[in-house]
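Please load the model in your viewer with the cartoon representation switched on, and keep the selection panel at hand. The tour goes from the overall dimensions to the sheets, then to the core and to some single residues.

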Amino acid sequence: QVQLVESGGGLVQAGGSLRLSCAASGSFLSINAMAWYRQAPGKQRELVAALTSGGSTNYDDSVKGRFTISRDNVQNTVYLQMNSLQPEDTAIYYCNAPGATMLDYWGQGTQVTVSS
């Protein structure tokens with residue numbers, strides 16, 4: 001059984017910071033490549049940050065230099081540190097494997113709202 005639980009979202013003013021957490025179980029308990037996605041109203045879900053099992057990272061241009069993806073010591077929790085937040089970052093944020101599609105399992109996500 002697969003489970004992904006995102007947390008840490010909230011309301012923050014522009015320029016502020018948040019740290020999102022993704023607790024993984026089931027098929028995602030083991031060491032895996034993981035990624036953060038976001039979806040704003042009326043827009044497609046997009047990948048914003050990815051982390052491979054080997055430690056390499058990749059970021060969407062819109063968040064480079066502001067967001068950092070990492071995982072904890074037991075490698076079953078993935079984090080997204082978000083700094084210098086902008087209103088354009090407002091979205092529901094999800095974690096999943098890189099390459100996940102809408103046909104795959106997704107958690108409920110966590111809402112991030114950035115005010116002007």
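With 116 residues, a compact globule would have a radius of gyration near 13 Å, and the protein agrees with this because its own value is 13 Å; the radius is taken over C-alpha atoms, and the globule rule is 2.2 Å times the number of residues to the power 0.38. If you display the C-alpha trace alone, its extent along the principal axes is about 40 × 25 × 20 Å.

Before selecting anything, note that this is a predicted model, in which local features need pLDDT of at least 70 and side-chain atom pairs count only at pLDDT 80 or more, while totals for chains, interfaces and linings use all residues. Residues are numbered from 1 along each chain as its sequence is written, and side-chain values use heavy atoms, with hydrogens and water left out.

**Whole chain**

Colour by secondary structure, and you will find 10 strands and 0 helices, where helices (H or I, at least four residues) and strands (E, at least two) are DSSP runs numbered from the N terminus. Switch to a surface next: the protein exposes about 6,100 Å², of which carbon and sulfur atoms supply 49%, with areas from the Shrake-Rupley method, a 1.4 Å probe, and, for residues, only the protein chains shown as cover. Buried residues make up 39% of the 116 residues; buried means under 20% relative accessible area, exposed over 50%, and partly exposed in between (1.4 Å probe, protein chains only).

**The sheet of 6 strands**

Select S2, S10, S9, S4, S5 and S6, which in that order form an open sheet with mixed pairing; two strands pair if DSSP finds at least two bridges between them. Strand S2 (10-13) and strand S6 (57-59) stand at the edges with a single partner strand each, so one side of each has no neighbour in the sheet. From one strand to the next the twist averages 25 degrees, based on axes that are lines fitted to C-alpha atoms (for helices over the stretch in contact), with angles from 0 to 180 degrees between N-to-C directions. Within this sheet, zoom in on S4 and S5, which run antiparallel and are joined by 5 bridges; Arg38 has Glu46 in S5 as its bridge partner.

**The sheet of 4 strands**

Now select S1, S3, S8 and S7, an open sheet in that order with antiparallel pairing. Here S1 and S7 are the edge strands, each pairing on one side only, and the twist averages 15 degrees from one strand to the next. S1 is joined to S3 by 5 bridges, and Gln3 has Ser25 in S3 as its bridge partner. Show the side chains of S1 (residues 3-7): Leu4 and Glu6 point to one face and are buried, whereas Gln3, Val5 and Ser7 point to the other face and are not. At the other end of the sheet, S7 and S8 run antiparallel with 5 bridges between them, and Ile69 stands opposite Leu80 in S8.

**The core**

Which residues have the most contacts inside the largest nonpolar core? Select Trp36, Ile69, Leu80, Met82 and Tyr93, which hold that place in a core of 25 residues. A nonpolar core is a set of buried Ala, Val, Leu, Ile, Met, Phe, Trp, Tyr and Cys residues joined through side-chain atoms within 4.5 Å. S3 gives the most to this core, with 4 residues. Another core, of 6 residues, lies apart from it, and includes Ala35, Tyr94, Ala100 and Trp106.

Centre on Leu80 and, leaving aside neighbours within four places in sequence, look for its contacts (heavy atoms within 4.5 Å), among them Trp36, Ala49, Phe67, Ile69 and Tyr93.

**Two residues to compare**

Is Tyr93 buried or exposed? Tyr93, which lies in strand S9, counts as buried because its relative accessibility is 0%. Not counting residues up to four places away in sequence, Tyr93 touches residues including Glu6, Leu20, Trp36, Arg38, Met82 and Val112.

Finish at Gln39 in strand S4, which counts as partly exposed because its relative accessibility is 25%. Beyond four places in sequence, Gln39 is in contact with Gln44, Arg45, Ala91, Ile92 and Tyr94. A distance label from Gln39 to Asn58, 19 residues apart in sequence, should read 18 Å from C-alpha to C-alpha.
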